[in-house]
Amino acid sequence: MSGADAIWVNARLATMVAGPDYGAVEDGAIAVRGSRIAWVGAQADLPPALRSASTCEHDAGGRWITPGLIDCHTHLVYAGSRAGEFEQRLNGASYEAIARAGGGIRSTVAATRAASETALAEASKPRLKALLSEGVTTVEIKSGYGLETGAEAKMLRVARTLGKALPVTVRTTFLGAHALPPEFEGRADKYIDEVCERMLPEVARAGLADAVDAFCERIGFSTAQTERVFDAARRLGLPVKLHAEQLSNQGGARLAARYGALSADHVEYVEEEDVVAMARGGTVAVLLPGAFYFLRETRVPPIELFRRHRVAMAVATDCNPGTSPMTSLLLALNMACTLFRLTPQEALAGATREAARALARAAEAGTLEAGKVADFVLWNVERPAELVYGIGSNPCHSVVKLGVARTPAELLA
């Protein structure tokens, strides 16, 4: 075995390989060659030749090391703020009244359309940096606030640019079927024509999307309209995912499962037949407790059904200006436990192993295993459950992205 570029020793590893107790290795080591993990395991088993030939050895100081966190559902590229609307709602204004006055998602669409790519990137960068400082090494970023070809492509280009400018892997998702733009008022089918026949093909030709999403809901798009989007994505060779059953059961989760969707997200209103379909289709349930909290929802996702039918559960921030203005995946993990009753191990798996599955990156990331990318985090905690337990704290010591270590301060700079 040839030498490693760097080795981390004196570590406690939460490998997150499927099994009990976080896949823990109490006295462990990780060897990195280039941007990949070359070896991981008990320090006593570390091959002497690998250690002696390494060019840099780090003492983890007994800290816990987890895989890099993965935020698998965000809308963090946008312009403008909805704080004023939040204040209006708390002062008694209805969402409908705000929307009629030009607020709601339309205000974000107007601001995002008007913003230059440079302005949009500068507005979005602090949100992404906040996630990185808490150990996020992979993030999904959706479009959906452009709702016309140029603006949707602009959002996706900005997302790609952020992935090049910062130490993070960015996966982009085209969400043209997010809401009905004002110029298509009362003509939802015509807008879906535009999404399928023009917007999506142009985005795909430009190589800007890794997946395709839609909002299937009474206030969004029907299952028939969503199926048209899925068919268009399939023709272009793009995987699909879906905002499903957030406010009501529209059959979206079953539709997503039938298309082999990577994930069905929100899923508060799924029933057992939906869960069975998701299990059969290998579709991950992405839980978004930030939106649940912000909207004061009361219908929790059926966690016991997901457990019973072995549906993988991921956890994400849903970072967006209207319903989850959250830039802390650690807070989302706490919410998933306190509001949805996940166990700490389920929550941490939801932001590592299962989140990787939701982004089709399970072969590359999500666990500490030889051959995977060298994305991992060193934490100042005594046990992994502290990552879920703390509210408003950030115990991150350093983040290793593709073999390069940085402190939270460096990531926020």
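**Salt bridges and helix α10**

Hi everyone, let me start with one arginine: R254 has a relative accessibility of 33%, which makes it partly exposed. Before I go on, please keep in mind that this is a predicted model.

So what does R254 pair with? Its partner is E273, and the two side chains form a salt bridge with an N to O distance of 4.0 Å. R254 sits in helix α9, residues 252-258, and E273 in helix α10, residues 272-281, so this pair links distant parts of the chain, 19 residues apart. E273 is exposed, at 51% relative accessible area.

Since we have arrived at α10, let's stay there for a moment. Which residues of this helix are buried? They are D274, V275, A277 and M278. Looking down the axis of α10, you find these buried residues within an arc of 160°, which means that they line one face of the helix. The general background will be familiar: an α-helix has 3.6 residues a turn, so residues three or four places apart point the same way. On the other side of α10 we meet E273 again, exposed together with R280.

And what covers the buried residues? The cover includes helix α9, strands β11 (263-266) and β12 (284-287), and helix α12 (303-308). So α9 turns up twice in this story: it is part of that cover, and it holds R254, the salt-bridge partner of E273. One more detail for those with the model open: just after α10, G282 has a positive phi of about 70°.

Now to the other salt bridges. How many does the structure hold? The count is 26, and I have picked two more to show you.

One joins K241 to E140, with the closest N and O atoms 3.5 Å apart. K241 is in the loop between α8 (223-235) and β10 (242-244), while E140 belongs to strand β7 (residues 136-142), so the pair ties together parts that are 101 residues apart in sequence. Buried or exposed? K241 is buried, with a relative accessible area of 1%, and E140 is buried too, at 0%. These two are also members of a network of salt bridges that links E140, K142, D213 and K241.

The other joins E85 and R82, whose closest N and O atoms are 3.0 Å apart. E85 is buried at 9% relative accessible area, and R82 also counts as buried, at 10%.

That's my tour; thanks for listening!

Key. Residues are numbered from 1 along each chain as its sequence is written. This is a predicted model: local features need pLDDT of at least 70, side-chain atom pairs count only at pLDDT 80 or more; totals for chains, interfaces and linings use all residues. Side-chain values use heavy atoms; hydrogens and water are left out. Buried means under 20% relative accessible area, exposed over 50%, partly exposed in between (1.4 Å probe, protein chains only). Helices (H or I, at least four residues) and strands (E, at least two) are DSSP runs, numbered from the N terminus. The arc is that of the directions from the helix axis to the C-beta atoms. Contact means heavy atoms within 4.5 Å.
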